[in-house]
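Here are a few short exercises on burial, helix packing and core residues. Try each task with the coordinates open, then follow the solution step by step.

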Amino acid sequence: GTQQGLIIPYISTCFAFHFTGRFMRSIYDSFASNVADLSGLPDLHASLSAMKAFTTGTVSEAIENLRKACGGHGYSSASGLPGLLTSYVAACTYEGENNVMLLQTARYLVKHCEAIVGGNQPRPMLAFLSKHLQETEMASSVV
């Protein structure tokens, strides 16, 4: 039914966020084990900024949509949704407002895309962009 069609994608998203969080934690732990080397800090900051903004925004939206799907029961404290919504929506603001976090990540990406297009080697975390930028460059030179 329509309720399952609404709920199941959010459950899948929870699993995706869980495993992404574990992966990000492993990157952080690797960085923290060698704090003398700060070269990975920009990558870590950009990734965590993007993940914070994306996950908190997505989860806040999901809680609200699930509350609506429950109809009047979604307003009942017995559903647990009003408490979740009240406490979780604030996550979009604390530790950095989501739009600011996304702008920080965008600035990082633009800076490194310009460097790659300028002939510099991409940072390991952004190696995938090198191929994409080359394909885009070739496509724009054909036009």
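**Exercise 1.** Decide whether Arg67 is buried or exposed, and find its contacts.

*Solution.* Start with the cut-offs: buried means under 20% relative accessible area, exposed over 50%, and partly exposed in between, with a 1.4 Å probe and protein chains only. Arg67 has a relative accessibility of 8%, so it counts as buried. Next, place Arg67 in helix H2; helices here are DSSP runs of H or I with at least four residues, numbered from the N terminus. Finally, list the contacts (heavy atoms within 4.5 Å). Leaving aside neighbours within four places in sequence, Arg67 touches Gly74, Tyr75, Leu81 and Leu85.

A word on the model: it is predicted, so local features need pLDDT of at least 70 and side-chain atom pairs count only at pLDDT 80 or more, while totals for chains, interfaces and linings use all residues. Residues are numbered from 1 along each chain as its sequence is written, and side-chain values use heavy atoms, with hydrogens and water left out.

**Exercise 2.** Describe how H2 packs against helix H3 (residues 81-88).

*Solution.* Take the axes as lines fitted to C-alpha atoms over the stretch in contact, with angles from 0 to 180 degrees between N-to-C directions. The axes of H2 and H3 come within 10 Å and cross at roughly 155°. H2 and H3 are therefore roughly antiparallel, a label for angles over 145 degrees. Now collect the contact residues: H2 brings Thr56, Val59, Ser60, Ile63, Glu64, Leu66 and Arg67, and H3 brings Leu81, Leu84, Leu85 and Tyr88. Sorted by class, that contact has seven nonpolar, two polar and two charged residues. For the classes, Ala, Val, Leu, Ile, Met, Phe, Trp, Tyr, Cys and Pro count as nonpolar, Asp, Glu, Lys and Arg as charged, and the others, Gly among them, as polar.

**Exercise 3.** Do the same for helix H1 (residues 2-32) and H2 (residues 41-69).

*Solution.* Read off the geometry: H1 and H2 pack at about 160°, with axes 11 Å apart. H1 and H2 are therefore roughly antiparallel too. Their contact has 17 nonpolar, seven polar and one charged residues.

**Exercise 4.** Which residues form the largest nonpolar core?

*Solution.* Join buried Ala, Val, Leu, Ile, Met, Phe, Trp, Tyr and Cys residues through side-chain atoms within 4.5 Å. The largest such core has seven residues: Ala46, Tyr108, Cys113, Ile116, Leu126, Leu129 and Leu133. Helices H4 (98-117) and H5 (127-142) each supply at least two of them, and H4 gives the most, with three.

Methods. Helices (H or I, at least four residues) and strands (E, at least two) are DSSP runs, numbered from the N terminus. Angles under 35 degrees count as roughly parallel, over 145 as roughly antiparallel, 65 to 115 as roughly perpendicular and the rest as oblique.
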